[in-house]
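Reader: I am new to reading protein models, and I would like to go through one slowly with you. Could you show it to me, and then explain how each label is earned?

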Amino acid sequence: ARAARPVDTDVVVIGAGAAGLAAARSLRRAGRRVIVLEARTRIGGRAYTDRTALGAPFDRGAHWLHSAEVNPFLAEARRLGRRTWVSGEDGIAIYRQGRPLTDGDERLERAIAQLERRAGLRGLLGQDFPLSAAAGDEMQQAAAAFAAFTMATDSNRLSAQDYGALAGGEDQVVEGGYGRLLADLYAEVPVRTGQTVRRIDWRQRDRVTISGEFGALEARRVVITIPPPVLAAGAVAFDPPLPPQRQAALAALEGGRFVKVGLRLDGATPQAPEFAFDLDAALGGRTSALYLERRSPVATVIFSGSHARDLSAAGAQALTDAARQVLATVLGAQAPRRVQATTVADWSADPLARGAYTVAR
């Protein structure tokens, strides 16, 4: 029997975001030789805690540990000695015409439950549909808008089946930031940063050739964790091309719009609600959220879906002006004067991301 030609490594992992780093660590612990290639100059992907733009930690991407009961990063955070706390316990305020509704959060919670029941009944037919199609009264329409907001799209585009498959549970926030947690958690994993992959040759049965400006590497296997919209755009050439059904699957996943504007205030806001939403804006297709973290002077305004797309097209100033207006609605007309610094995180404008996360139509 002829011995197999040597390769540079057992596995090449493309992408040093959460998925790529986790894959690389698992493979290394299993005794495999692994090379991780990352196009950015840092690890973490869209989990990135910026500590300079606002003079305080600001998660430009992933922020909340969703579904904390089953989220493995919660145990990892505690293993590293990081404090975590439940998000949302400090109040959720629903505003209308510039004033908070006294029972707004309770009405919205009931509307969400009603919407989910209606969507579940319609879903028994076995066909997918936009979540907005299941909404009845005004509060259910608002509930659909808020649900789509969290999934980076609009309610008339959100797949009801995909929404129904979303894991529930509480959200938690980690001390120091989500991106910082990942950076520390996977510090042991060696990563070659600034290495953009342009081509993957998988014609040979016993090896894969990965190439770019860095040259070429041969491996027995490759793990690709590049965001689907980036792959669908042809950022990496495959030889032979990917099977048609795989290409169709990639094309069916679009990059969701979820733009975050960070505002550094002159101090924390312990008396304000943790989250605030404007009902009229949501019903008008301009859903946004204000997040005020009690332990930090940073306020985060989030825009989603087509509203975020339109604001982004108008430029960074339009985004910051809109964020200041949201801040004024909740904290008063004088609140924008408290803003000392701003920063915008728009992953849709990043060619290495093309969206905050993928959305199923």
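Author: Let us begin with a definition, keeping in mind that this is a predicted model: a residue is called buried when its relative accessible area is under 20%, exposed when the value is over 50%, and partly exposed in between.

Reader: Why is Arg207 called buried?

Author: The relative accessible area of Arg207 is 2%, and the cut-off for buried is under 20%, so Arg207 counts as buried.

Reader: What makes the pairing of Arg207 with Glu218 a salt bridge?

Author: In general, side chains of opposite charge can pair when their charged atoms come close. The rule asks for a side-chain nitrogen of Lys or Arg within 4 Å of a carboxyl oxygen of Asp or Glu, and the closest N and O atoms of Arg207 and Glu218 are 2.9 Å apart, so the pair is a salt bridge. This pair links distant parts of the chain, with Arg207 in the loop between β10 and β11 and Glu218 in strand β12, eleven residues apart. By this rule the count comes to 22 salt bridges.

Reader: How do you know that Arg338 and Asp266 form a salt bridge, and where in the chain do they lie?

Author: Their N to O distance is 2.8 Å, and the limit is within 4 Å, so the side chains of Arg338 and Asp266 meet in a salt bridge. Arg338 lies in the loop between α11 and β19, whereas Asp266 lies in the loop between β15 and β16, and the two are 72 residues apart.

Reader: Why is Arg338 called partly exposed, and why is Asp266 called partly exposed?

Author: Arg338 has 25% relative accessibility and Asp266 has 48%; partly exposed covers what is neither under 20% nor over 50%, so Arg338 and Asp266 each count as partly exposed.

Reader: What about Glu293 and Arg295: buried or partly exposed?

Author: Glu293 has a relative accessible area of 13%, under the 20% limit, so it is buried, whereas Arg295, at 47%, counts as partly exposed. The two form a salt bridge, with their closest N and O atoms 3.4 Å apart. Elsewhere, salt bridges that share partners join Arg199, Asp201, Arg203 and Asp239 into one network. Asp239 is also joined to Pro240 by a cis peptide bond, with omega about 0°, and Pro240 has its place in the loop between β13 and α8.

Reader: Why is Glu89 called exposed?

Author: The relative accessible area of Glu89 is 64%, and exposed begins over 50%, so Glu89 is exposed. Glu89 is found in the loop between β5 and β6, and it gathers with Glu69, Asp90 and Glu170 in a patch of negative charge on the surface.

Reader: How do you know that the span of helix α11 agrees with what is expected?

Author: At 1.5 Å a residue, the 16 residues of helix α11 should span 22 Å, and its end C-alpha atoms are 22 Å apart, so the two values agree. The buried residues of α11 include Leu319, Ala323 and Val330. Just after α11, Gly332 takes a positive phi of about 105°.

Reader: What makes the phi of Ala152 worth pointing out, and why is Ala152 called buried?

Author: Phi of Ala152 is near 65°, a positive value in a residue other than glycine. Ala152 lies in the loop between α4 and α5, and its relative accessibility is 3%, under the 20% limit, so it counts as buried.

Conventions: Residues numbered from 1 in each chain as written. Predicted model: local features only at pLDDT ≥ 70, side-chain atom pairs only at ≥ 80, totals over all residues. Heavy atoms only, no water. Patch = residues over 30% accessible without salt bridge, like charges linked within 9 Å, V, L, I, M, F, W, Y side chains within 5 Å. Areas by Shrake-Rupley, 256 points an atom, 1.4 Å probe, with all protein chains shown as cover. Lys, Arg positive; Asp, Glu negative; His and termini not counted. Charge placed at Lys NZ, Arg CZ, Asp CG, Glu CD. Helix = DSSP H or I, 4+ residues; strand = E, 2+ residues; numbered from the N terminus. Buried < 20%, exposed > 50% of the residue type's maximum accessible area, 1.4 Å probe, protein only. Expected span 1.5 Å × (residues − 1).
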